[in-house]
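Student: I keep meeting words such as "buried", "edge strand" and "cavity" in structure descriptions. Could we go through one protein and ask what earns each word?

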Amino acid sequence: MDYMAIGIGAATGIIIGLIIGKFLFAPNKKEREIVRKETDDLIASARKESELIKQKAITESEGIKKDRILEAKEKFLQMKAEVEQERREKVGKLEEQEARMRNRENQLAQEKENYKKKEAETENVRNNLSRQLELVNIRKQEMDKAYTEHVSKLEQIAQLTAEEAKTQLIETLKDEARNKAMAYVKEIIEEAKLKANKESKKIILQTIQRTAAEQTIENTVSVFNLDSDDQKGQIIGREGRNIRALEAATGVELIVDDTPETIIISGFDPVRREIARLSLQRLVADGRIHPARIEEIVAKTKKQLDEHIVEIGERTVIELGISGLHTELVRIVGRMRFRSSYGQNLLMHSKEVANLCAVMAAEMGLNPKIAKRAGLLHDIGKVPEEESELSHALLGAKLCEKYGENPAIVNAVGAHHDELEMTYVISPIVQACDAISGARPGARREILESYLKRIKEMETLALAYDGVEKVFAIQAGRELRVIVEADKVDDKKSEDLSFAIAQKIQDEMQYPGHIKVTVIRETRAISYAK
């Protein structure tokens, strides 16, 4: 409203100023009168217009004022309603919390009441148990007294203390249980033995008993003994030319070290080692040792050794009664004389296997000649003249096939280490006899060492039992004889001791075949006639 009045006043002032200006600059009086009159009219009109505008402005301002007042009232009522709603919600929450608090107080009061009741009941039970415990103690004292009197009467009657009677009873029960258990185990073992394959074991045992074979252990390194160390220099020669010539001619290595009166001949091929040994022997005996003489002696030795190898092969074939063997196979059989396997001479092993195969085949009703031939040739692949990537079993089968051997023999040779499928009956016989020959005590150097260790362990094991006086392992470890003290071990305990030692050997040791345990209890009554 104030701005409107200022505008109206300013417009009126401007109009009045224009009229005054026009009046002052009018050229004459008449015109000034006209101007004055117009001016008055304009002023009157302006006042009237301004009055209308003022009234209109007042009316509009009143309307706006009423609208603002109504808006303010509505907003106030709305805010009042919201505040009232919020207040009612808070009051409701407070009332709920108050109700929960009252419920919780009631529960606590109830629990407190229940606790008091239970405490009273517990106190009653405790008092009752105390009274019962007193009664139990009184009864226990009465029972202890009665038991002591009863034990005293029993001790007077039995003339034994309670501990002595208890010990005797326990020992009696233990002995009875042990005897029953041992008898039960024996019965089970005997029953299992009856169900075993008796015939196969019988054939194997008879074959082993009927076959006796000598065995020779040779080292893979040959040793040449000298009469004195002065000969070492002669063998070495000036700047080592003699020993180099000898190594070149024989294909072996000669080791000359500080070992007194000894030269070691080292080489993979046993035949070469033998040629070197024989050549050295002849050179030392002849005394003329120089490269030309060495080549001459080595060539002569090779020729003689080849003849000797053929002779060994022929003698072996004749000894075993084998005929029709190819000459090359005969020569290879002779070469086996100079080859050893695990310390066991290969030719002796093959002859032993041949005899075992023949006996076992005869027992089983098969052709013993074919079995013997297969047994002799089964390791022929171990003495090849040329290096081969094949195993000795497959190489032996290839050689047998090459020189026209029977297919059954070829299969037995190739399958004795399960590298070929066994298609003939003699194949498993050759395999079994090979294992028997190689595994028997003393056959091979490594097994001999383990055999001696096993014999010692066996005797130590038996000596650990109470009442054992002496232990002897006999028959190459196949029987253990245990001598017991007669005053400590009775006849019944002797049987149990034999069974217990046999079981312990079976559980704790590894051995081929079976071991017989014999317990000997001897009572000697000695008196003298004076």
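Student: How many helices and strands does the protein have?

Tutor: The protein has 16 helices and 8 strands. Keep in mind that this is a predicted model.

Student: What share of the residues is buried?

Tutor: Of the 530 residues in the protein, 30% are buried. The word needs a cut-off: buried means under 20% relative accessible area.

Student: Then why is Glu239 called exposed?

Tutor: Glu239 has a relative accessible area of 72%. Exposed means over 50%, so Glu239, at 72%, counts as exposed. Glu239 is placed in the loop between α5 (230-236) and α6. The backbone of Glu239 is worth a look as well: phi is near 55°, a positive value in a residue other than glycine.

Student: And why is Ile264 called partly exposed?

Tutor: Partly exposed covers what lies between the 20% and 50% cut-offs. Ile264 has 22% relative accessibility, so partly exposed is the right term. Ile264 lies in strand β3. Its C-alpha atom is separated by 4.7 Å from that of Val223, although the two residues are 41 apart along the chain.

Student: What makes β1 and β2 edge strands?

Tutor: Start with the sheet: 3 strands form an open sheet in the order β1-β3-β2, with antiparallel pairing. β1 (222-225) and β2 (253-255) each have a single partner strand, so one side of each is left without a neighbour in the sheet. From one strand to the next, the twist averages 25°.

Student: How do you know that β2 and β3 pair?

Tutor: Two strands pair if there are at least two bridges between them. β2 and β3 (residues 262-266) are joined by 3 bridges, so they meet that condition, and they run antiparallel. As an example, Leu254 has Ile265 in β3 as its bridge partner.

Student: Why is the pairing called mixed in the sheet with the order β6-β7-β8?

Tutor: Let's gather what we can about that open sheet of 3 strands, whose pairing is mixed. In general, strands of a sheet pair either parallel or antiparallel, through backbone hydrogen bonds. Here β7 (residues 479-484) and β8 run parallel, joined by 6 bridges. Val482 stands opposite Val519 in β8. β6 (468-474) and β8 (516-521) stand at the edges, because each has a single partner strand. The twist in this sheet averages 20° from one strand to the next.

Student: Which helix lies across β6, β7 and β8?

Tutor: That is α16 (residues 491-508), which runs at about 155° to β8.

Student: Which residues of α12 are buried, and what do they pack against?

Tutor: Ala393, Leu395, Gly396, Ala397, Leu399 and Cys400 are the buried residues of α12. They pack against α9, α11 (368-377) and α13 (407-415). After α12 comes Gly404, with a positive phi near 75°.

Student: What makes the space lined by Ile235 and Asn242 a cavity?

Tutor: A cavity is space where a 1.4 Å probe fits but cannot get out. The search of the whole structure finds 1 cavity of 30 Å³ or more, and the largest cavity holds about 30 Å³ of space. Its lining is made of Ile235, Asn242, Ile243, Leu246, Leu280, Leu283, Ile289 and Ile294. α6 (241-250) and α7 each give two or more residues to that lining, and α6 has the largest share, with 3 residues. By type, the lining residues are 7 nonpolar, 1 polar and no charged.

Student: How is the second largest pocket lined?

Tutor: A pocket is an open set of points, unlike a cavity. The second largest pocket has about 730 Å³ of space. It is lined by 32 residues, and the closest to its centre are Phe268, Asp269, Pro270, Arg335 and Pro384. Two or more lining residues come from each of α7 (270-286), α8 (291-320), α9 (327-335) and α12 (392-402). α7 gives the most, with 5 residues. This lining divides into 10 nonpolar, 10 polar and 12 charged residues.

Definitions and conventions: Residues are numbered from 1 along each chain as its sequence is written. This is a predicted model: local features need pLDDT of at least 70, side-chain atom pairs count only at pLDDT 80 or more; totals for chains, interfaces and linings use all residues. Side-chain values use heavy atoms; hydrogens and water are left out. On a 1 Å grid over the protein atoms alone, a cavity is a set of points where a 1.4 Å probe fits but cannot get out, and a pocket is an open set with protein on both sides within 12 Å along at least five of seven lines; lining residues have an atom within 4 Å of a point. Grid points are joined across faces, edges and corners, and a volume is the space filled by probe spheres set on the points. Helices (H or I, at least four residues) and strands (E, at least two) are DSSP runs, numbered from the N terminus. Ala, Val, Leu, Ile, Met, Phe, Trp, Tyr, Cys and Pro count as nonpolar, Asp, Glu, Lys and Arg as charged, and the others, Gly among them, as polar. Buried means under 20% relative accessible area, exposed over 50%, partly exposed in between (1.4 Å probe, protein chains only). Contact means heavy atoms within 4.5 Å. Axes are lines fitted to C-alpha atoms, for helices over the stretch in contact, and angles run from 0 to 180 degrees between N-to-C directions.
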